[in-house]
Amino acid sequence: MVLDVGVGIGRIAKSIVNEGYQYFIGIDISTKILDIVGSNLCTCSNIELVMADINDFIPTDTFDLTCSVLTSLHIEEKEKALRIIFHSLEDNRLFVLSVSKDDDWFDYGSRKVKLHPIELEEYVCIFLSTGFQIQSLQ
Ligand SMILES: C[S@@+](CC[C@H](N)C(=O)[O-])C[C@H]1O[C@@H](n2cnc3c(N)ncnc32)[C@H](O)[C@@H]1O
């Protein structure tokens, strides 16, 4: 069972689903985005798309793999979110986090979105204090 935190329009979801996982849950805080990903993934089965803030999403001991690509920048309470993700995984399962180095704001043209970037060292501290073991940093 796979969880994608901040599924967006399904860019990462598509390739995960094609790998043949039994069940995929994608969560996103935006209903507009979920409408788009719903139609992008409409041919895929065993997929659940949930409108949720990661900081309120709390099934425990459920997932074999959780990923989050470029979503952490949007999350201010990172330690809380990573603790929830840690507890949502079954024991010794994998979490893949991908972030980029960004400015404090992302400019969409018509609107600007506040981002919450932190340094790699801060991520490492939060991961370790949350209970994760780090396998690889790239
Ligand atoms: C930059 S997009 C990345 C989407 C996708 N992971 C990708 O790489 O294509 C970040 C996504 O995270 C979602 N998001 C932001 N804050 C969130 C939160 N607290 N909980 C769940 N999703 C969130 C946004 O709505 C957006 O769809």
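# Exercises on a predicted model

Just after H1, Gly-20 adopts a positive phi of about 90°. The model is predicted, and the exercises below work through its helices, its cavity, its cysteines and some single residues.

**Exercise 1. Determine which residues of H1 are buried, where they sit around the axis, and what they pack against.**

Step 1. Helix H1 spans residues 11-18, and its buried residues are Ala-13, Ile-16 and Val-17.

Step 2. These residues cover an arc of only 95° around the axis, so they lie on the same side of H1. An α-helix has 3.6 residues a turn, so residues three or four places apart point the same way.

Step 3. Arg-11 and Asn-18, on the other side of H1, are exposed.

Step 4. The packing partners of the buried residues of H1 are four strands: E1 (2-5), E2 (24-28), E3 (47-51) and E4 (63-69).

**Exercise 2. Repeat the analysis for H3: list the buried residues, give their arc, and name elements that cover them.**

Step 1. The buried residues in H3 are Lys-78, Ala-81, Leu-82, Ile-84, Ile-85 and Ser-88.

Step 2. Their arc around the axis is only 155°, which puts them on the same side of H3.

Step 3. The cover over the buried residues of H3 includes strands E1, E4 and E5, together with helix H4 (120-130).

Step 4. A residue of H4 can be used to look at this cover in detail: Thr-130 lies in that helix. Thr-130 has a relative accessible area of 5%, under the 20% cut-off, and is therefore buried. With neighbours within four places in sequence left aside, Thr-130 is in contact with Leu-82, Arg-83 and Phe-86. Of the residues named here, Leu-82 is listed among the buried residues of H3.

**Exercise 3. Find the cavities of 30 Å³ or more, and describe the lining of the largest cavity.**

Step 1. Rolling a probe the size of a water molecule over the atoms shows where empty space is left. Over the whole structure, the search returns one cavity of 30 Å³ or more.

Step 2. The space in the largest cavity comes to about 80 Å³.

Step 3. Its lining consists of Val-5, Ile-54, Ser-68, Thr-71, Ser-72, Ile-75, Lys-78, Ala-81, Leu-82, Ile-85, Phe-95 and Leu-97. Two elements give two or more residues to this lining: helix H3 (78-88) and strand E5 (89-98).

Step 4. H3 supplies the largest share, four residues.

Step 5. Sorted by class, the lining has eight nonpolar, three polar and one charged residues.

**Exercise 4. Place Ile-54 in the fold, and decide whether this residue is buried or exposed.**

Step 1. Ile-54 belongs to the loop between E3 and E4.

Step 2. The relative accessibility of Ile-54 is 5%, so the residue counts as buried.

Step 3. Apart from neighbours within four places in sequence, Ile-54 has contacts with Val-5, Ile-27, Ile-75, Ala-81, Ile-84 and Ile-85. The lining of the largest cavity also includes Ile-54.

Step 4. For a longer-range check, take Gln-22: Ile-54 is 32 residues from Gln-22 in sequence, and their C-alpha atoms are 22 Å apart in space.

**Exercise 5. Count the disulfides, and state the environment of Cys-67 and of Cys-125.**

Step 1. The search of the whole structure gives zero disulfides. For Cys-67, the nearest cysteine sulfur is that of Cys-44, 14 Å away. A disulfide requires sulfur atoms within 2.5 Å, so Cys-67 is in no disulfide.

Step 2. Cys-67 is buried, at a relative accessible area of 5%.

Step 3. Cys-125 is exposed, at a relative accessible area of 54%.

**Exercise 6. Locate Asn-46 and Asn-92, and give phi and accessibility for each.**

Step 1. Asn-46 sits in the loop between helix H2 (31-40) and E3. Its phi is near 55°, a positive value in a residue other than glycine. With a relative accessible area of 44%, Asn-46 is partly exposed.

Step 2. Asn-92 lies in strand E5. Although not a glycine, Asn-92 has a positive phi of about 60°. Its relative accessibility of 80% makes Asn-92 exposed.

Step 3. Asp-91 is in strand E5 too. Asp-91 is exposed, with a relative accessible area of 63%. The C-alpha atom of Asp-91 is 9.3 Å from that of Thr-62, a residue 29 residues apart along the chain.

Key:
Residues are numbered from 1 along each chain as its sequence is written. This is a predicted model: local features need pLDDT of at least 70, side-chain atom pairs count only at pLDDT 80 or more; totals for chains, interfaces and linings use all residues. Side-chain values use heavy atoms; hydrogens and water are left out. On a 1 Å grid over the protein atoms alone, a cavity is a set of points where a 1.4 Å probe fits but cannot get out, and a pocket is an open set with protein on both sides within 12 Å along at least five of seven lines; lining residues have an atom within 4 Å of a point. Grid points are joined across faces, edges and corners, and a volume is the space filled by probe spheres set on the points. Ala, Val, Leu, Ile, Met, Phe, Trp, Tyr, Cys and Pro count as nonpolar, Asp, Glu, Lys and Arg as charged, and the others, Gly among them, as polar. Buried means under 20% relative accessible area, exposed over 50%, partly exposed in between (1.4 Å probe, protein chains only). The arc is that of the directions from the helix axis to the C-beta atoms. Contact means heavy atoms within 4.5 Å.
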